[in-house]
Amino acid sequence: MRLHVVDHPLVAHKLTTLRDKRTDSATFRRLADELVTLLAYEATRDVRTEQVDIETPVTPTTGVKLSHPRPLVVPILRAGLGMLDGMVRLLPTAEVGFLGMIRNEETLEASTYATRMPEDLSGRQVYVLDPMLATGGTLVAAIQELIKRGADDVTAVVLLAAPEGVEVMERELAGTPVTVVTASVDERLNENGYIVPGLGDAGDRMYG
Ligand code: PRP
């Protein structure tokens, strides 16, 4: 697994405002959207392209276009939905699938309550969206499902990660073609499974 922490002053600025408990829901959603677009720029660095011939008004030349099959973008409901627009702004031709997952707040185990994605993801690049990588249970289960369906390149775009979750992903997804792109790896998880300093519960702050 590859981990890419995006080091950019605009990312740090937006993340700081997201962390601030005084930031209201409307502002939180707007900033999360903007932050995802910045992360998406980094996350799509290896998006597959193919060469095309075109003519400019001046001369024939060659360029690139996104390859087929199209990339698939999968937000993990609920909170990942708040990241979808920011991602497809950069990948408007992507197909979109959905995974509904919830973490039990006592056991911290993730379970899936909704799945709507192509059965066959052979040869597909997939971008998974989830604001928080806490214990890692949710993302590990989501990515294992994508790989089971044949995805051969998975990038998880997360706003914040905990070192514990990164470690779990590295262990559970060893040897798989997975990249995690995040704005920050924070200090730790607390006893309730929240990222510290974190930003609280992203789903509640967006939709609560
Ligand atoms: C939160 C968050 C992640 C998950 C991370 O979702 O949005 O999906 O927990 O935790 P983990 O890494 O420990 O598995 P939650 O279960 O609160 O659902 P929601 O998005 O519907 O609020």
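## Exercises on a predicted model

At 32% relative accessibility, Asp152 counts as partly exposed. The model is a predicted one, and the exercises below start from this residue and work outwards.

**Exercise 1. Find the salt-bridge partner of Asp152 and say which parts of the chain the pair ties together.**

Step 1. Look at the side chain of Asp152: it meets that of Arg48 in a salt bridge, with 3.2 Å from N to O.

Step 2. Place both residues. Arg48 sits in the loop between H2 and S2, while Asp152 belongs to the loop between H4 and strand S10 (153-161), so the bridge ties together parts that are 104 residues apart in sequence.

Step 3. Classify Arg48. Partly exposed covers the range between 20% and 50%, and Arg48, at 34% relative accessibility, counts as partly exposed.

**Exercise 2. Work out which elements hold Arg2 and Asp46, and how many residues separate the two.**

Step 1. Begin with the contact: Arg2 and Asp46 form a salt bridge whose closest N and O atoms are 3.1 Å apart.

Step 2. Now locate the partners. Arg2 is in strand S1 (residues 2-5), and Asp46 is in the loop between helix H2 (25-43) and strand S2 (49-55); the two are 44 residues apart.

Step 3. Check the surroundings of Asp46: with a relative accessible area of 46%, Asp46 is partly exposed.

Step 4. Put the pair in context: the structure holds 16 salt bridges.

**Exercise 3. Test whether the span of H2 agrees or disagrees with its number of residues.**

Step 1. Get the expected value. H2 has 19 residues, which should span 27 Å at 1.5 Å a residue.

Step 2. Compare the model: the end C-alpha atoms of H2 are 26 Å apart, which agrees.

Step 3. See what H2 buries. Its buried residues include Phe28, Leu31, Leu35 and Leu39, and also Asp33 and Glu42.

**Exercise 4. Describe helix H4 and what follows its end.**

Step 1. Take the length. H4 (residues 137-148) has twelve residues and reaches 16 Å from first C-alpha to last, close to the 16 Å expected.

Step 2. List the buried residues of H4: Thr138, Leu139, Val140, Ala142, Ile143 and Leu146.

Step 3. Move past the helix. Just after H4, Gly150 adopts a positive phi of about 110°.

Step 4. Look for charges here. Glu145 and Arg149 meet through their side chains in a salt bridge of 2.7 Å, N to O. Arg149 is buried, at 12% relative accessible area.

Step 5. Widen the view: a network of salt bridges links Glu119, Glu145, Lys148 and Arg149.

**Exercise 5. Identify which residues are closest to the ligand and how much of the ligand the protein covers.**

Step 1. Collect the neighbours. The ligand is surrounded by 13 residues, and the closest are Arg103, Asp130, Thr135, Gly136 and Thr138.

Step 2. Inspect the ligand's oxygen atoms. Thr135 places a polar side-chain atom 2.5 Å from one such atom. A backbone N or O atom of Ala134 is 2.9 Å from a ligand oxygen, and a polar backbone atom of Gly136 also lies 2.9 Å from a ligand oxygen.

Step 3. Turn to coverage: on its own the ligand has 500 Å² of accessible area, and the protein covers 95% of this.

**Exercise 6. Name the residues that form a nonpolar surface patch with Val5.**

Step 1. Locate Val5, which is found in strand S1.

Step 2. Check its exposure: at 36% relative accessible area, Val5 is partly exposed.

Step 3. Add the partners. Leu3 and Val185 join Val5 in the patch, which has about 190 Å² of accessible area together.

How values were computed:
Residues are numbered from 1 along each chain as its sequence is written. This is a predicted model: local features need pLDDT of at least 70, side-chain atom pairs count only at pLDDT 80 or more; totals for chains, interfaces and linings use all residues. Side-chain values use heavy atoms; hydrogens and water are left out. Helices (H or I, at least four residues) and strands (E, at least two) are DSSP runs, numbered from the N terminus. The expected span of a helix is 1.5 Å times one less than its number of residues. Buried means under 20% relative accessible area, exposed over 50%, partly exposed in between (1.4 Å probe, protein chains only). A salt bridge is a side-chain nitrogen of Lys or Arg within 4 Å of a carboxyl oxygen of Asp or Glu. A residue is near a molecule or strand if one of its heavy atoms lies within 4 Å of it. A polar contact is a pair of N or O atoms within 3.5 Å; within protein, one must be able to donate a hydrogen and the other to accept it, and residues adjacent in sequence count only if both atoms are side-chain atoms. Accessible areas come from the Shrake-Rupley method with a 1.4 Å probe; for residues, only the protein chains shown count as cover. Patches are made of residues with over 30% relative accessible area and no salt bridge: like charges are joined within 9 Å, nonpolar side chains (Val, Leu, Ile, Met, Phe, Trp, Tyr) within 5 Å.
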